[in-house]
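The following paragraphs lead through a single protein chain, beginning with its sheet and moving on to its charged side chains. Please keep the sequence and the structure in view while reading.

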Amino acid sequence: MPCVYDGLTARLVERAGFELTFMTGFGVSAARGYPDCQLVSFQEMVESGLMVCGSLRGICCIGDGDTGYGNCVNVKRTVRAYAQIGMAGVMIEDQVAPKRCGHTKGKAVVSREEAVARVRAACDARDEGPNDICILARTDARGPIGLREALERCREFVDAGADITFLEAPESLEEMEQYCREVPGPKLANMLPSGKTPMSGRTRLEQMGYAIAAYPLTLLSCGLRAQQEALERLKAGQSVADLELDFEALKDVVGFNEYYAEEARYRA
């Protein structure tokens with residue numbers, strides 16, 4: 001599950017043949033010029049979600065709902081809004097506000113009772129509304145409190161009705177395997193190079209018991225690296241031709257050929 005942050009990256013993932021994507025709060029924040037420290041608001045995330053969902057034609061997207069942007073009533077509003085804009089799922093986590101990237105310093109989590117209440121509220125919003133949406137329940141308790149507490153939270157998230165769980169930042173393969181053994185239901189692994197969790201291939205993750213392998217920053221990081229190199233070359237007076245897409249290919253990626261076909265279809 002490569003993760004996206006705008007309409008163009010969403011199009012790229014679908015064109016590449018993936019079945020699922022995720023709108024990452026880290027990427028949305030970065031694209032707006034901010035670090036992932038909840039400086040981007042609920043409304044800004046909804047606007048980004050509209051852009052992402054509007055760019056997709058046939059694959060599902062899960063939206064990053066952060067902490068739900070308030071108390072449990074806010075959580076329910078977040079779930080409903082994400083369902084209304086076309087998200088197939090929403091992730092709700094147990095960090096305190098303002099939250100931050102799960103692999104950076106300074107994380108803190110709410111009590112287990114509050115964390116479970118958030119998930120229960122999210123599941124109630126799913127079940128009460130007319131729009132079908134999956135609830136992805138995330139815990140960041142591994143770092144600040146420990147693995148045992150993180151595992152217990154995930155089990156209680158399942159009992160509260162979560163469709164998928166996500167134990168963020170396990171620190172070894174043994175911890176990942178323990179999570180898969182002890183927590184029922186579908187589980188998500190977060191594959192971040194140089195992060196706290198060991199990188200593993202898809203086959204190994206599936207053997208452990210994971211259902212989804214997320215690549216949260218691959219498109220953002222690779223894109224930034226290429227853009228930085230292009231700017232360095234331009235500043236030095238060097239060619240960037242080998243870094244650029246052919247203009248015809250670029251037009252195809254952003255949708256010109258699709259537009260031309262639709263234009264011709266309805267031409268009077």
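Two strands are taken to pair if DSSP finds at least two bridges between them. The model to which this rule is applied here is a predicted one. Strands β1 and β2 satisfy the rule with two bridges and run parallel, β2 covering residues 20–23. Within this pair, C3 stands opposite F22 of β2. Helix α3, residues 42–55, packs on the sheet and touches β1, β2 and β3 (60–64). The direction of α3 makes about 155° with that of β2.

The sheet as a whole is open and has six strands in the order β1-β2-β3-β4-β5-β6, paired in parallel. Its edges are formed by β1 (3–4) and β6 (164–167); each has a single partner strand, so one side of each lacks a neighbour in the sheet. In general, strands of a sheet pair through backbone hydrogen bonds, in parallel or antiparallel fashion.

Is a residue in the edge strand β6, such as T165, buried or exposed? T165 lies in β6 and counts as buried, because its relative accessibility is 1%, under the 20% limit. Beyond its neighbours within four places in sequence, T165 is in contact with residues including L136, C154, F157, V183 and L188. Y179 is also among these contacts, and its side chain is joined to that of T165 by a polar contact of 2.8 Å. By comparison, L50 in helix α3 is partly exposed, with a relative accessibility of 48%.

Charged side chains provide a further set of links. Side chains of opposite charge can pair when their charged atoms come close. The model contains 31 salt bridges. One of them joins E47 and R32, at 3.8 Å from N to O. E47 belongs to helix α3 and R32 to the loop between α2 (25–31) and α3, so the pair ties together parts that are 15 residues apart in sequence. E47 is partly exposed at 39%, and R32 is likewise partly exposed at 32%.

A second salt bridge connects R112 and E156, whose closest N and O atoms are 3.0 Å apart. This pair links distant parts of the chain, with R112 in helix α5 (residues 112–128) and E156 in helix α6 (residues 147–160), 44 residues apart. Both partners are partly exposed, R112 at 24% and E156 at 25%.

In the salt bridge between D242 and R233, with an N to O distance of 2.5 Å, D242 is exposed at 58%, whereas R233 is buried at 16%. Finally, a network of salt bridges links D36, D66, E93, K99, K107, R138, D140 and E168.

Technical notes. Residues numbered from 1 in each chain as written. Predicted model: local features only at pLDDT ≥ 70, side-chain atom pairs only at ≥ 80, totals over all residues. Heavy atoms only, no water. Helix = DSSP H or I, 4+ residues; strand = E, 2+ residues; numbered from the N terminus. Contact = heavy atoms within 4.5 Å. Axes fitted to C-alpha atoms, helices over the stretch in contact; angles between N-to-C directions. Buried < 20%, exposed > 50% of the residue type's maximum accessible area, 1.4 Å probe, protein only. Polar contact = N/O pair within 3.5 Å; in protein donor to acceptor, adjacent residues only side chain to side chain. Salt bridge = Lys/Arg side-chain N within 4 Å of Asp/Glu carboxyl O.
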